[in-house]
Amino acid sequence: MLKQQSSKSIYAAQVLILFSLGALLAGAAELPYGGWIQIPILSFIWWQLDTQKSKSFKNFFALGFAFGLGYFVVGLWWLYISLHDVGGMNSLLSCVAVFLLSAYVALYFFVRNSINTSF
């Protein structure tokens with residue numbers, strides 16, 4: 001029982017790490033000289049995905065989706081400004097719209113990450 005709880009907490013930590021790394025990678029892309037810093041971040045992301053003990057489809061879905069969601073929520077921040085300030089959309093509705101678009105585009109990271117299960 002204790003081992004099962006610790007494996008769930010490790011898995012939740014990996015999802016949180018990949019979400020944070022996706023957000024960090026998107027933030028580093030915005031820096032004027034941020035191109036070089038993306039290489040160690042991408043290396044750490046690859047290492048996190050490569051050290052998976054259980055190679056199930058559900059785990060790869062969650063990890064790829066978490067990374068993609070973190071990456072696109074930070075990368076598409078400007079859409080909130082366009083929808084809310086320029087377009088006059090409600091603040092909550094524009095946040096939901098950016099989140100849903102980010103979740104949709106994050107599915108592409110899931111598809112790419114799920115290819116790892118077949119090889």
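## Exercises on a predicted helical model

Ser102 sits in helix α5 (residues 91-118). Helices are DSSP runs of H or I, at least four residues long, numbered from the N terminus. This is a predicted model: local features need pLDDT of at least 70, side-chain atom pairs count only at pLDDT 80 or more, and totals for chains, interfaces and linings use all residues. Residues are numbered from 1 along each chain as its sequence is written, and side-chain values use heavy atoms, with hydrogens and water left out.

**Exercise 1.** Decide whether Ser102 is buried or exposed, and list what Ser102 touches.

*Solution.* Start with the cut-offs: buried means under 20% relative accessible area, exposed over 50%, partly exposed in between (1.4 Å probe, protein chains only). Ser102 has 0% relative accessibility, so Ser102 is buried. Next, the contacts (heavy atoms within 4.5 Å). Not counting residues up to four places away in sequence, Ser102 touches Leu69, Phe72, Val73 and Leu76.

**Exercise 2.** Check the span of α2, then find where its buried residues lie.

*Solution.* The expected span of a helix is 1.5 Å times one less than its number of residues. For the 13 residues of α2 that gives 18 Å, and the end C-alpha atoms are 18 Å apart, so the two agree. The buried residues in α2 are Ile41, Ile45 and Gln48. They cover an arc of only 60° around the axis, so they lie on the same side of α2. That arc is taken from the directions from the helix axis to the C-beta atoms. Ile39 and Trp46 are exposed on the other side of α2.

**Exercise 3.** Name the residues of the largest nonpolar core and the elements that give two or more residues to this core.

*Solution.* A nonpolar core is a set of buried Ala, Val, Leu, Ile, Met, Phe, Trp, Tyr and Cys residues joined through side-chain atoms within 4.5 Å. The largest one has eight residues: Leu18, Leu21, Leu25, Ala28, Ile41, Ile45, Leu63 and Phe67. Two or more residues come from each of α1 (2-29), α2 (38-50) and α3 (57-75). α1 gives the most, with four residues. Now take one member. Leu18 touches Ile45, Gln48, Leu49, Leu63, Ala66 and Phe67, not counting residues up to four places away in sequence. Another core, of five residues, lies apart from it; among them are Leu76, Leu79, Val98 and Val105.

**Exercise 4.** Locate Ile37 and classify its exposure.

*Solution.* Ile37 is in the loop between α1 and α2. Its relative accessible area is 28%, so Ile37 is partly exposed.
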